[in-house]
Amino acid sequence: MRCYSANGNTFLIVDNTNNTISEEEKPDFVKKHVGELDGVIFVEKADSKFFMDYYNRDGSMATFCGNGARAFSKYLMDMGLINVKKFTFLSRAGEIRVLVEDGIWVRMPKVSEKKRLAIDDYSGYLVVVGVPHFVIRMKNVDEIDVEKLGKYLRSKTGANVDFYQVFPDFLKVRTYERGVERETKACGTGITSVFVVHRDETGMKMMKVQVPGGILYVKEENGEIFLKGDVRVCSEE
C-alpha cells in the first residue's frame, strides 16, 4: 500500500489486482486503513486494462475522483506498470485518458448534467462530472466557514459543494466533499465543475486554479477537459 497526495487530496492506493479484497469487504477495509486520508483507491484489472475503484474515507463507493485519477496514474508509472506517455485506464465513470506532458494530464469524464440550483440564499449550478457538485460563486471564499456552510448545503443537495472566487488570472476554489465529510485541500471534479461554469460564462478555455493544497491547471481541448497538478508519494508500507 502507498499513500499519494494530489495537491493535498490524499489517498491510500492498494494493489488488488489479485482480487484478494472482495466488493463486500472494501467498505470495512477502507474504514480500517484510511486513517486521516481522504480516500482509498483499489488497483484492479478489467478487460485487460487497469481499473481504478475509488472509495471515500467513510467507506462509500464513488463513481470517480479527479485527483484520485491523477494519483492512480502516478502510481501505475511509479510501479513500472505503465511506461508510455499516453495511456488509458477504466473507472466507474468510464475510460480515462492520460497524457504525460510537462506533468500528468487526466481527461475528466464528460459533464452529464448542468443546471441552475438555489438553496435558501445560495444560488449556483449543479454540475455532474462523474459525481455531483453544487457550484457557488462568492465574493470572498476566505471568509466562508466551509465546514459549517458546506456541510449544510451538502445535506440539502446530496452533492459536493464548491465555493469559488474569480480573480483576473485565476480562480480560487474551496470544496466540502461528501463521503469525506469535511473540507479537503483539493477536489479535481470540483475544480472541473467550477471551470465548466466559468468557461460557459466567459469563453475561457484554460485556467489556473488555486486551492488550499496549491495550484492546478484545467483546460479544454477539442471538447474534452483535462486536469493537471502536483502529485507525489507521501508514504508507503
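For sorting the residues around a pocket, Ala, Val, Leu, Ile, Met, Phe, Trp, Tyr, Cys and Pro count as nonpolar, Asp, Glu, Lys and Arg as charged, and the others, Gly among them, as polar. With those three groups in hand, here are some close-up views of this predicted model.

**View 1. The largest pocket and its lining of 13 residues.** Let us begin with an open space. The largest pocket has a volume of about 190 Å³. Nearest its centre, among the 13 lining residues, you will find R107, M108, P109, K110 and V111. By the three groups above, the lining divides into six nonpolar, two polar and five charged residues. Which strands supply at least two residues each to this lining? They are strand 7 (94–100) and strand 17 (224–229). Strand 7 gives the most, with three residues.

**View 2. The largest cavity.** Now for a closed space. Rolling a probe the size of a water molecule over the atoms shows where empty space is left. Searching the whole structure turns up one cavity of 30 Å³ or more. The space inside the largest cavity comes to about 100 Å³. It is lined by 13 residues, and N56, F64, V131, N160 and E177 are the closest to its centre. Two elements give two or more residues to this lining: strand 4 (49–56) and strand 11 (131–137). Sorted into the groups used for the pocket, the cavity lining has six nonpolar, five polar and two charged residues.

**View 3. The largest nonpolar core, with its 46 residues.** Which members of this core touch the most other members? Look for F72, L76, F89 and V218. Follow L76 outwards: leaving aside neighbours within four places in sequence, L76 is in contact with V43, F50, L81, I82 and F87. Another core lies apart from the largest one. This other core has twelve residues, including M138, V146, L153 and F163.

**View 4. R174 and E183, a buried pair joined by a salt bridge.** Side chains of opposite charge can pair when their charged atoms come close. In this close-up, the closest N and O atoms of R174 and E183 are 2.8 Å apart. Are these two residues buried or exposed? Both R174 and E183 are buried. The structure as a whole holds 23 salt bridges.

**View 5. Two further salt bridges, E113 with K115 and D200 with R199.** For E113 and K115, the closest N and O atoms are 3.5 Å apart. E113 has a relative accessible area of 32%, so E113 is partly exposed. K115 is partly exposed as well, with a value of 40%. The side chains of D200 and R199 meet at 2.9 Å, N to O. Here the partners fall into separate classes: D200 is partly exposed, at 42% relative accessible area, while R199 is buried, at 18%. Why does R199 count as buried? Because buried means under 20% relative accessible area, and R199 has 18%.

**View 6. A network of salt bridges.** Some charged residues are linked beyond a single pair. How many residues can you find in this network? Look for E23, K26, E44, D53 and R92, which are linked in a network of salt bridges.

**View 7. D47 and D102, each with a positive phi.** D47 is not a glycine, yet its phi is positive, at about 50°. The place of D47 is in the loop between strand 3 (39–46) and strand 4. With 68% relative accessibility, D47 counts as exposed. D102 is not a glycine either, and has a positive phi of about 55°. You will find D102 in the loop between strand 7 and strand 8 (104–107). Why is D102 called exposed? Because exposed means over 50%, and D102 has 69% relative accessibility.

**View 8. D169 and its contacts, M207 and K208.** D169 sits in the loop between strand 12 (160–166) and strand 13 (170–177). Its relative accessible area is 62%, so D169 is exposed. Which residues does D169 contact, once neighbours within four places in sequence are left aside? They are M207 and K208. D169 and K208 are 39 residues apart in sequence, and in space their C-alpha atoms are 7.2 Å apart.

How values were computed:
Residues numbered from 1 in each chain as written. Predicted model: local features only at pLDDT ≥ 70, side-chain atom pairs only at ≥ 80, totals over all residues. Heavy atoms only, no water. Helix = DSSP H or I, 4+ residues; strand = E, 2+ residues; numbered from the N terminus. Buried < 20%, exposed > 50% of the residue type's maximum accessible area, 1.4 Å probe, protein only. Contact = heavy atoms within 4.5 Å. 1 Å grid on protein atoms, 1.4 Å probe; cavity = no way out; pocket = protein on both sides within 12 Å on 5 of 7 lines; lining within 4 Å. Points joined across faces, edges and corners; volume = space filled by probe spheres on them. Core = buried A, V, L, I, M, F, W, Y, C linked by side-chain atoms within 4.5 Å. Salt bridge = Lys/Arg side-chain N within 4 Å of Asp/Glu carboxyl O.
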